[in-house]
Amino acid sequence: MNRNGYLREQAKSAVAYNRPTIYYIAFIVLAVSACVSFITNRLTDTETLDSLYGYAQITAGKSMGISFFTSFVTAIVGFGFAVYCLKVFRGQEASFSDLGAGFSCVGKLLWLNVLEALAVFGVALAGVLAMIFLGFAPILVLLIYIALMWAVIYLLIAYSQTSYILYEYPELSAREIISESMYMMKGRKLEYIGLVFSFWLYWLLPILGAVVAQWLFPMFAGIISSMLSLYMYPLFNVALAGYYEGIAHPGTGTAA
């Protein structure tokens with residue numbers, strides 16, 4: 001069995017040992033994410049605004065503010081679930097209270113999200129400037145788009161361990177946490193992509209459900225997709241926590 005397969009089996013065992021509680025907690029996290037997505041869509045939907053207030057315009061500032069706030073709420077809950085999953089993988093006592101772990105470091109979590117968003121924005125801005133200076137020829141646009149996609153994926157993977165590092169080393173600053181995550185993921189990005197894509201079969205049903213829901217019930221697509229993710233969501237996140245454990249504390253996980 002390869003490394004990713006072994007990590008999946010470890011995650012399955014950890015999830016099985018902690019069920020049904022882990023599914024209850026995953027349901028709460030997914031429900032919060034789905035509700036946030038639903039509220040965001042309602043607040044930024046022009047038809048809804050027109051029916052409620054008699055106008056269908058929303059300023060760019062308000063739209064960005066709503067998106068940032070909802071993203072931050074999701075980040076707090078996501079941080080709590082990451083902490084919970086790390087405890088589950090380690091065989092430590094994990095409970096519902098772990099979902100509130102983000103409230104003990106709200107300021108640092110907020111600053112981490114700001115720094116990560118600025119990094120992604122910088123990459124997008126570089127792409128726009130490249131198209132302006134190089135021209136909008138179809139082949140150039142395609143190449144720049146591919147480069148942008150890879151750059152964003154590179155950043156997301158480089159920052160992928162920040163939640164676990166913040167939990168274990170809360171005394172570090174946001175910049176130090178990001179630097180540590182980038183250092184930990186140096187030379188491991190393809191390995192991490194391989195782990196994520198090894199769950200493609202588990203993601204298939206939620207993705208298909210989201211596509212169908214977007215076509216038939218666009219307003220509730222996020223909710224439907226989240227509920228279809230209930231089985232694989234804990235398994236996937238426990239495996240990611242196990243990956244961190246392996247690179248942060250060699251000998252306890254599977255990554256080397």
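## Helix packing in an all-helix predicted model

H5 passes H6 in a right-handed crossing. This is a predicted model, so read every value below as computed from predicted coordinates.

### The H5–H6 pair

Helix H5 covers residues 106-134 and helix H6 covers residues 138-158. Their axes come within 10 Å and cross at roughly 165 degrees. An angle over 145 degrees counts as roughly antiparallel, and H5 and H6 are therefore roughly antiparallel to each other. On the H5 side, the contact uses Ala119, Val120, Val123, Ala124, Gly127, Ala130, Met131 and Leu134. On the H6 side, the partners are Leu140, Val141, Ile144, Leu148, Ala151, Val152 and Leu155. By class, this contact has 14 nonpolar residues, one polar residue and no charged residues.

### The overall fold

The protein chain holds twelve helices and zero strands. Read from the N terminus, the order of elements is α-α-α-α-α-α-α-α-α-α-α-α. The chain has 256 residues, and buried residues make up 38% of them. What share of the contacts with a separation of 6 or more comes from residues 24 or more positions apart? The share is 72%.

### H9 and its two partners

Helix H9 spans residues 189-197. H9 packs against H6 and also against H12, and the two contacts are taken in turn.

Start with H6. The axes of H6 and H9 come within 10 Å and cross at roughly 90 degrees. That makes H6 roughly perpendicular to H9. H6 supplies Trp150, Ile153, Tyr154, Ile157 and Ala158. H9 supplies Lys189, Tyr192 and Ile193. The residues of this contact divide into seven nonpolar, no polar and one charged.

Next comes H12, which covers residues 232-248. The axes of H9 and H12 come within 11 Å and cross at roughly 160 degrees. H9 and H12 are therefore roughly antiparallel to each other. Their crossing is right-handed. From H9, the contact draws on Glu191, Tyr192, Leu195 and Val196. From H12, it draws on Phe236, Ala239, Leu240 and Tyr243. Here the residues divide into seven nonpolar, no polar and one charged.

Tyr192 appears in the H6 contact and in the H12 contact.

### Lysine 189

Lysine 189 is found in helix H9. Is lysine 189 buried or exposed? Lysine 189 is buried, with a relative accessible area of 11%. The cut-off for buried is under 20%. Not counting residues up to four places away in sequence, lysine 189 touches Tyr154, Ile157 and Ala158. Those three residues also belong to the H6 side of the H6–H9 contact. Lysine 189 and tyrosine 154 are 35 residues apart in sequence. Their C-alpha atoms are 7.4 Å apart in space.

### Proline 170 and threonine 74

Proline 170 lies in the loop between helix H7 (162-168) and helix H8 (174-184). Proline 170 is partly exposed, with a relative accessible area of 47%. Leaving aside neighbours within four places in sequence, proline 170 is in contact with Lys108 and Ile165.

Threonine 74 sits in helix H4, residues 60-90. At 30% relative accessibility, threonine 74 counts as partly exposed. Which residues does threonine 74 contact, leaving aside its neighbours within four places in sequence? They are Ser33 and Val36.

The table lists C-alpha to C-alpha distances for three pairs.

| Pair | Sequence separation | Distance in space |
|---|---|---|
| Proline 170 and cysteine 105 | 65 residues | 7.9 Å |
| Lysine 189 and tyrosine 154 | 35 residues | 7.4 Å |
| Threonine 74 and leucine 30 | 44 residues | 9.5 Å |

### Cysteines

How many disulfides does the structure hold? The structure holds zero disulfides. A disulfide is a covalent bond between the sulfur atoms of two cysteines. Cysteine 85 is buried, with a relative accessible area of 0%. Cysteine 105 also counts as buried, at 14% relative accessibility. Cysteine 105 is the partner of proline 170 in the table, 7.9 Å away from C-alpha to C-alpha.

Note on methods
Residues are numbered from 1 along each chain as its sequence is written. This is a predicted model: local features need pLDDT of at least 70, side-chain atom pairs count only at pLDDT 80 or more; totals for chains, interfaces and linings use all residues. Side-chain values use heavy atoms; hydrogens and water are left out. Axes are lines fitted to C-alpha atoms, for helices over the stretch in contact, and angles run from 0 to 180 degrees between N-to-C directions. Helices (H or I, at least four residues) and strands (E, at least two) are DSSP runs, numbered from the N terminus. Angles under 35 degrees count as roughly parallel, over 145 as roughly antiparallel, 65 to 115 as roughly perpendicular and the rest as oblique. A crossing is left-handed if the near helix is turned anticlockwise from the far one by less than a right angle, and right-handed if clockwise. Contact means heavy atoms within 4.5 Å. Ala, Val, Leu, Ile, Met, Phe, Trp, Tyr, Cys and Pro count as nonpolar, Asp, Glu, Lys and Arg as charged, and the others, Gly among them, as polar. A disulfide is a pair of cysteine sulfur atoms within 2.5 Å. Buried means under 20% relative accessible area, exposed over 50%, partly exposed in between (1.4 Å probe, protein chains only).
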